[in-house]
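Reader: Could you take me through one part of this model in some detail? I'd like a close look at the first helix, and then at whatever you can say about its partner in the chain.

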Amino acid sequence: MGSTTGKPMAGAFRALLLVGGVLLIAVAIVVGFLLHSRIIDMVGTARLVSGLALRAGEFALLSAGAWCAVRGWNGRLD
């Protein structure tokens, strides 16, 4: 079984996945830049918890954006 055996998707759905993926990646970058300085100004446990939450949120947004963009680019959901 090769990786090209999946059912192709519609062109509009591919475009939506690509655009959605790029937007998710852009949102992750913007959120990271906007919240980074606020978290650096915190002290103690609040800084640690907020920093970890920010990194987890960035990871989730970047992963979801990359998944959407790659699926849209490849044109298959398998």
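Author: Let's get the burial terms straight before anything else: buried means under 20% relative accessible area, exposed means over 50%, and partly exposed is in between, using a 1.4 Å probe and protein chains only. This is a predicted model, so local features need pLDDT of at least 70 and side-chain atom pairs count only at pLDDT 80 or more, while totals for chains, interfaces and linings use all residues. Residues are numbered from 1 along each chain as its sequence is written, and side-chain values use heavy atoms, with hydrogens and water left out.

Now to helix 1, which covers residues 11-40. Helices here are DSSP runs of H or I with at least four residues, strands are runs of E with at least two, and both are numbered from the N terminus. The expected span is 1.5 Å times one less than the number of residues. For the 30 residues of helix 1 that gives 44 Å, and the end C-alpha atoms are indeed 44 Å apart, so the two agree. There is still a kink of about 30°, centred on Leu-34; the bend at a residue is the angle between axes fitted to the seven residues ending there and the seven starting there.

UniProt, in an unreviewed entry, puts a "transmembrane region" at residues 12-35. Its positions follow the numbering used here, feature names are shortened, and annotations may be inferred rather than shown by experiment. In the model that stretch is 100% helix and 0% strand, with its end C-alpha atoms 34 Å apart.

Which residues of helix 1 are buried? They are Leu-17, Gly-21, Ala-28, Gly-32 and Ile-39. Val-22, on the other hand, has a relative accessible area of 52%, so it is exposed. Ile-25 comes in at 27% and therefore counts as partly exposed.

Both of those residues have a counterpart far along the sequence. Val-22 and Ala-69 are 47 residues apart in sequence, yet 6.6 Å apart in space, C-alpha to C-alpha. For Ile-25 and Phe-59, 34 residues apart along the chain, the C-alpha separation is 9.8 Å.

On to helix 2, residues 44-74, where Leu-62 is found. Leu-62 is partly exposed because its relative accessible area is 39%. With Ile-29 and Phe-33, Leu-62 forms a nonpolar surface patch of about 320 Å² accessible area together.

Helix 2 also holds Glu-58 and Arg-55, three residues apart, about one turn of the helix. They form a salt bridge, with the closest N and O atoms 2.7 Å apart. Glu-58 counts as buried because its relative accessibility is 14%, whereas Arg-55, at 42%, is partly exposed.

Definitions and conventions. Patch = residues over 30% accessible without salt bridge, like charges linked within 9 Å, V, L, I, M, F, W, Y side chains within 5 Å. Areas by Shrake-Rupley, 256 points an atom, 1.4 Å probe, with all protein chains shown as cover. Salt bridge = Lys/Arg side-chain N within 4 Å of Asp/Glu carboxyl O.
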